[in-house]
Amino acid sequence: MNVSRSTLSALSLESFTALDLETTGLDSRTDEILEIGWVRWNHGKISGGGEELIRPAVSIPAAITRLTGIRNEDCRDRPMISDVLLSVWRHFEKGILVAHNASFDLNFLEKARQQWQPDLPPIDARRVIDTVELARILYPWITNHRLETLTRHLDIQADPVHRARADAEAAGSVFMRLVFEAMGLDGSVLDTILALFDGSDDELSRLFKHIRALRNGTGMKTVSRRKGPDNRIENMASGNKEIRSDCSISDFLGPKGLLEKILPGFECRKPQLSMAEQTARAFRQDGFLMAEAGTGVGKSMAYLVPAVLRMPHAQSKTIISTQTKTLQNQLFYKDIPLLAETSPLPFTAVLLKGRSNYLCQRRWEEIIVNAGNLSSAKRRQLLGLALWSHETRTGDVEECGGFHEKNQWDGWREVNSDGAFCRGHQCPAESKCFYARVRRAARKASLVVINHSLLFSDMAAGNQILGEFDTLIVDEAHQMERAASRALGRSLHLWMFYDLCRKIDASGSSSAGVLNSLQKELKRRKELWAAISESVSELRRTLQPLCESAELCFRRIEARMKPASKEYAVEKQRVRSVDELFGSDASTTDVSIHLKTAAAEFQKIMTRLAMADSNGEEKPESFQQVETLLFETELLKENWEFFTGGLYDGHVVWREKRKEEKSPSVHSVPLRVDRLMSDYLYPRLKRCLLTSATLSVAGSFDYMAERLGLNRIEKDRLTTRAFGSPFHYDEQVRLIVASFLPGPRDARFTDAVAEITADILSVHDRGTMVLFTSHQMLRGVYRRLVSVLKPFGIQILGQGIDGSRTRILDSFQKERRSVLLGTSSFWEGVDIPGEALEMLIIPKIPFDVPTDPVVQARSEEAHRETGNGFMNYSVPEAVVRLRQGFGRLIRKAGDRGSVICLDNRMLMSRYGAVFLESLPVNPVRCDSRESLMEVLAGWFETA
Ligand code: SF4
């Protein structure tokens, strides 16, 4: 699969230099170059290259030595960067450069140039082709674009070893292969890419221009690629499949059942079988079941099987709601297909997400035609969608590995499906609209998988999204209250004002604003335009003062905030009155007036358009946009009136400032969601299963039933059952609770935690995770552990310090000698079986932050109702979280390890017993460091 010499010449790629650096860390401001490698390519073949190992001014971190194999002693006699920079630079002075994640290397090189050879000309970034950027365009279906992933995916015989020359060679080989792939792109995909490159003046854009010029003459075909997953799984009646309606649960899950036959390693589990039977019974009796399923029960099959078994007998629709994407994907891409394969019963399943996850075909097509209206940064972001948009069958951006909608939200919101820009039935792209298609499929499907957020948005929207359904399965049900609070709450951000104004009357955006669209469409209907032009002008006049006065208000909110605590990345401060929030700021009235004017003028426009329509004349295309934007304006106005009206009873209201955001925001959630659920969600259901590994507190379901409003349904309709884990916790876990550390409120606590953790890790070389409740404490322990453990070659991975959650989890699982320090998101949803995780250290009982406005308000409310908010709200919440954290350790039947809790309140407080009763093993109390080390050693020695 080589590109011929003549093609390379036509592409101006006769020669190029691939380069790579190894460094002492990731930050070019503080870390140093350790090695520089380069490889020269001529006419598609390597013609030379070189490398320089460099003596850094700082000691090489152990993690870098482990990664690269470069030790301090290897560099002792090597030149420093100042000695070699000039000679190395000449290899990079001319021609095309290729690098993987080029900005990383360029930043280090530029820093060295400025420091040691400022007279040298800087490397022009336009000469550099980044193979990550190119791979994201050409391989949107792979989840990451690391060099090793690409060499593996492309079958390239080069093994990136984190040494500069070898990796430069790998990057060059990947580049050559990507050029070959790009030559095979369809003309229409090339046109999309070139539209997004329009006006760019760099080697990557030139490469695509050359390919376009050559493309028609080459006759090369598109290389076959891995297509994305379908979001509909069908198991409809087929000629060669026996259809049976007399299947039982044990036909699927029992010994010698269908799953055992098809799934290697599947074993009939008693708790799974009995949970499935209990679920089926509850469904038969039109009841509600709260089912706590311990780790290893296999709860997803225990509810999927009874759900599918019901289908031939009932014309009902089942909605399955999860909190996390991980579970959603496991259900939809693993468990349901497996069931579809085994099941002799017909069913259809659809994965449905919130609207904003889907690409809007019309907006995308318009962007491509009018790409010049977008900034080049946005266009560059959207390149990752170019090929994917032609190949996807779902339009769900999550499947596009070339684009990260959360980090590239600016670009995504130009092209995603958005009610404000949707033309509905008048949309020329409606027949291929992804969102419309998936909604239609969801309405017909027997099983629809969604997330909690969509479930509650649908509840708030009067079931307009999901339509009718009578069976609901909620997995990860312990997260329901939080999800409902979020979905049913209100928020105000300054960007909402700007966003609305941009949608109404934008400049510098592809979606030129509804007023401009109206003006264009009504060019030929001068009378109608004249009838609305006064309102249009008034609306336009209102937008700027609206944004200005909103900006003033948000500045006032910020000025009234108490100084932020250093401990948290988000500062939240509860407010109890409108005065506390805004003071006596006249600009709140200005905002109200401008919003009122905007809504009124919109209403006038809409009425005129509707009248024109009812006169039988052609309906303007923007009519629906006007309607949607009127709705958005009303919603913003309603939220504004809520926050400025001050009727905060039954709500928790707070102002919030995130470190990375310029402006504060204000939020409110219902104080309680139980009544909302029992009034609006449960009455529409005939049957419902709520399941999770943690629904009970000290063996009772009462707390969770009350929080979720399940105590309000008829008593005989609700059953609660716990299905114990098939694991043998007594044999698999040693729970140690230390009593000898100072209490968590003691100033010496962080040091004591760091010290005992270091002691444990210096003796026990086992995968360890430490679960914190605050970033501040995590950082304090991290600093101390780094200085003590790094000399032992132990890698310390800190959340928020050493990269994203995914990245540090990945390193943790790969690196046997490592310890992971994590906070909130690591307490749940982390699945690390085997030796990678054998010790779990819990420094503190995971109480919610008491100053968090929602925690504070709900605890106060529990206090008013029960006389003890702490025992009746804070403790049960922390129990659920502790049980989730505990559950990280034992994931498989063969796992074995220890949970070490360092909070002496577990033993010495009146509430400690509730925590201990809620865990599946009895604790071993250790009153000294020595006894802890002895118990731990004894436990691992008997392994
Ligand atoms: S129907 Fe709406 S969401 Fe779908 S493609 Fe058209 S404008 Fe976009």
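These are my notebook entries on a predicted model, covering confidence, strands, the ligand shell, cysteines and salt bridges.

**Confidence**

I began with pLDDT. The chain averages 89, and 94% of its residues reach 70 or more. I then asked which elements mark the two ends of the range. Strand 6, residues 232-235, has the lowest mean pLDDT among the elements, at 65. Strand 7, residues 288-293, has the highest, at 98. Where pLDDT is low, predicted coordinates should not be read in detail. I therefore took no detail from strand 6, given its mean of 65.

**Strand 9**

I looked up strand 9, residues 347-351, and found five of its five residues buried. I noted the side-chain directions as well. Phe-347, Ala-349 and Leu-351 point one way, while Thr-348 and Val-350 point the other way. Both sets are buried. For pairing, I found strand 9 joined to strand 10, residues 447-451, by three bridges, with the two strands running parallel. I looked for the partner of Leu-351 in strand 10 and found Val-449.

**Strand 22**

Next I checked strand 22, residues 839-842, for cover on its faces. Met-839 and Ile-841 lie on one side, Leu-840 and Ile-842 on the other, and all are buried. I recorded two pairings for this strand. Strand 19, residues 768-771, pairs with strand 22 in the parallel sense over three bridges. Within that pairing, Met-769 stands opposite Leu-840. Strand 23, residues 897-901, is joined to strand 22 by four bridges, and these two strands also run parallel. Here the bridge partner of Met-839 is Ser-898 in strand 23.

**Ligand shell and cysteines**

Which residues are around the ligand? I listed Arg-355, Cys-360, Gln-361, Arg-362, Ser-417, Cys-422, Arg-423, Gly-424, Cys-427, Glu-430 and Cys-433. By class, I read the shell as four nonpolar, three polar and four charged residues.

With cysteines in that list, I looked up how many disulfides the structure holds. The number is zero. A disulfide would be a covalent bond between the sulfur atoms of two cysteines. I then took the accessibility of two shell cysteines. Cys-360 counts as buried because its relative accessibility is 12%, under the 20% cut-off. Cys-427 is at 14%, so it is buried by the same cut-off.

**Salt bridges**

How many salt bridges does the structure hold? I noted 61, and looked at three pairs.

Arg-126 and Asp-124 meet through their side chains at 2.9 Å, N to O. Arg-126 is partly exposed because its relative accessibility is 42%, and Asp-124 is also partly exposed, at 29%.

Asp-746 and Arg-748 form a salt bridge with their closest N and O atoms 2.7 Å apart. Are the two partners buried or exposed? Asp-746 is partly exposed, with a relative accessible area of 27%. Arg-748 has 53% and is therefore exposed, the cut-off for exposed being over 50%.

Asp-927 and Arg-925 meet in a salt bridge at 2.8 Å, N to O. Asp-927 is partly exposed at 48%, and Arg-925 is partly exposed at 46%.

My last entry here concerns a network. Salt bridges that share partners join Lys-378, Arg-413, Glu-414, Asp-418, Asp-499, Arg-502, Lys-503 and Glu-632 into one network.

Technical notes:
Residues numbered from 1 in each chain as written. Predicted model: local features only at pLDDT ≥ 70, side-chain atom pairs only at ≥ 80, totals over all residues. Heavy atoms only, no water. Disulfide = S-S within 2.5 Å. Buried < 20%, exposed > 50% of the residue type's maximum accessible area, 1.4 Å probe, protein only. pLDDT = per-residue confidence, 0-100. Pairing = 2+ DSSP bridges. Near = heavy atom within 4 Å. Nonpolar A, V, L, I, M, F, W, Y, C, P; charged D, E, K, R; others polar. Salt bridge = Lys/Arg side-chain N within 4 Å of Asp/Glu carboxyl O.
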